[in-house]
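I opened this model to look up its sheets, one of its helices and its cysteines, and I kept notes as I went.

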Amino acid sequence: MPMTASNIGGSRGEPLRSASAIVASTESGQHLLKIDGYSRTKDVPTGSLIKSRSFRVGGHSWRIRYCPNGDNSTCSDYISIFLLLDHNVPQGVRAKYTFSLLDQGGKPVPRYTLGSEQTFRDLSWGYATFIKRDELEKSEHLKDDRFTIRCDLTVTKEIQTMDIDTAAIPQPPVVVVPPSDLHRHLGGLLVTGEGADVTFEVDTRTLAAHRCVLMARSPVFHAELSLSSLTTTNDGAEVAVQIEDMEAQDFEAFLHYIYTDSLPEMKGSEAAAMMLPDLVAAANRYKMERLRLVCEDKLSGFVNVTTVAVILAFAVEHHCLGLMEVCLKFLGDPANLREVIKTDGLEHLSKSCPSVFKDI
């Protein structure tokens with residue numbers, strides 16, 4: 001029987017396709033309540049309040065209730081602060097809220113940052129004892145008779161269902177291409193040492209590697225490991241290259257990056273903090289820019305009051321511009337700078353980097 005289109009393809013049709021979604025979403029917002037003329041608001045009696053302007057988050061209107069002399073007689077020494085749903089919703093509205101006293105830099109003061117999650121109906125929620133008035137008045141957060149409270153609000157919106165256009169749903173590909181595993185194969189060569197043609201003597205250890213991989217990854221290795229620059233033994237094997245300025249575990253991590261384009265897993269933050277500076281030095285020595293940037297990024301996570309001076313001095317010495325910027329931004333916060341001054345960090349910086357110290 002001759003073949004025709006009808007008896008080759010059959011009469012199967014595509015199934016009808018439809019899709020829908022159940023959407024349970026949230027919406028977040030912030031509202032700043034600035035108290036300008038604080039001393040005059042203290043004329044408001046205990047139990048009385050001042051409301052903020054209305055603001056909308058999650059499809060609902062909200063206000064902040066500010067009680068400068070406390071919500072009632074049991075907290076008359078405090079400033080009370082509450083969040084109020086500004087209209088009636090019988091089923092209630094679920095929301096997370098946080099009140100924060102802001103410092104002069106506009107950042108929340110941890111001691112006076114309080115939050116909770118509640119269902120709002122016809123009651124307001126908040127803190128009757130948010131901050132003692134005398135504590136506020138003695139603090140640096142009240143300046144020129146002004147201070148600011150921030151309300152961070154995340155509202156759970158009403159669950160909705162909606163249709164989804166099936167044409168927008170991606171179809172699984174016929175051919176699935178796995179991710180590249182070149183790094184795994186090259187890393188395996190480093191581990192096994194199979195086909196290695198150069199060795200490195202580091203401390204008391206001998207590490208085998210492949211000249212072609214090293215030369216492809218680093219212009220310095222390309223120059224140092226070319227055939228014309230290597231001497232050989234009588235049996236034709238290359239003489240080991242001596243590494244004087246790195247510990248064995250650091251050089252091993254350096255080789256791992258060369259072969260896999262990633263750093264090995266480091267056990268604990270202390271081990272990482274010890275190894276990363278040596279890897280930065282190696283990246284500069286062997287002209288591997290991406291490795292230096294990877295290490296800079298990880299070192300940025302160690303910047304704090306006790307380390308910023310040492311890390312900044314290191315960044316200046318090794319020309320790590322991104323890491324320098326992170327440190328200078330940290331020191332640009334007056335609160336951070338005051339804490340650093342209490343340590344000997346600035347003294348260290350004044351000796352190691354006098355020009356940077358002068359700028360600060």
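In which sense do S12 and S14 pair, and over how many bridges? I found that S12 and S14 pair in the parallel sense, over three bridges, where two strands count as paired if DSSP finds at least two bridges between them. Helices (H or I, at least four residues) and strands (E, at least two) are taken as DSSP runs, numbered from the N terminus.

Before going further I noted that this is a predicted model, in which local features need pLDDT of at least 70 and side-chain atom pairs count only at pLDDT 80 or more, while totals for chains, interfaces and linings use all residues. Residues are numbered from 1 along each chain as its sequence is written, and side-chain values use heavy atoms, with hydrogens and water left out.

**Entry: the three-stranded sheet.** I looked up the sheet around this pair and found it open, with the order S13-S12-S14 and mixed pairing. S13 and strand S14 (241–243) stand at the edges with a single partner strand each, so one side of each is left without a neighbour in the sheet. Neighbouring strands here are turned by 30° against each other on average, direction ignored, with axes being lines fitted to C-alpha atoms (for helices over the stretch in contact) and angles running from 0 to 180 degrees between N-to-C directions. H7 packs on this sheet and touches S12, S13 and S14, its direction making about 10° with that of S13; contact means heavy atoms within 4.5 Å.

I then checked the partners: Glu201 stands opposite Gln242 in S14, whereas Thr199 stands opposite Ala208 in S13. Strands S12 (residues 198–202) and S13 (residues 205–209) pair in the antiparallel sense over five bridges, and they form a hairpin with two residues between them, where Asp203 in the turn has a positive phi of about 55°.

**Entry: the four-stranded sheet.** I read the order of this open sheet as S2-S10-S7-S8, with antiparallel pairing. Strands S2 (26–36) and S8 (108–120) are at its edges, each with a single partner strand, so that one side of each lacks a neighbour in the sheet. In its interior pairing, S7 (residues 93–102) and S10 (residues 146–156) share seven bridges in the antiparallel sense, and Tyr97 stands opposite Leu153 in S10.

**Entry: helix H9.** Which residues of H9 are buried? I listed Leu291, Arg292, Cys295, Glu296 and Leu299, taking buried as under 20% relative accessible area, exposed as over 50% and partly exposed as in between (1.4 Å probe, protein chains only). They cover an arc of only 140° around the axis, which puts them on the same side of H9; the arc is that of the directions from the helix axis to the C-beta atoms. Their cover includes helix H7 (248–260), helix H8 (269–285), helix H10 (308–317) and helix H11 (321–331).

**Entry: cysteines.** With a disulfide defined as a pair of cysteine sulfur atoms within 2.5 Å, I arrived at a count of zero disulfides. For Cys67 the nearest cysteine sulfur, that of Cys75, is 7.9 Å away, and Cys67 is buried, with a relative accessible area of 0%. Cys295 also counts as buried at 0% relative accessibility, and its sulfur is 8.6 Å from the closest cysteine sulfur, in Cys320, which is too far for a bond.
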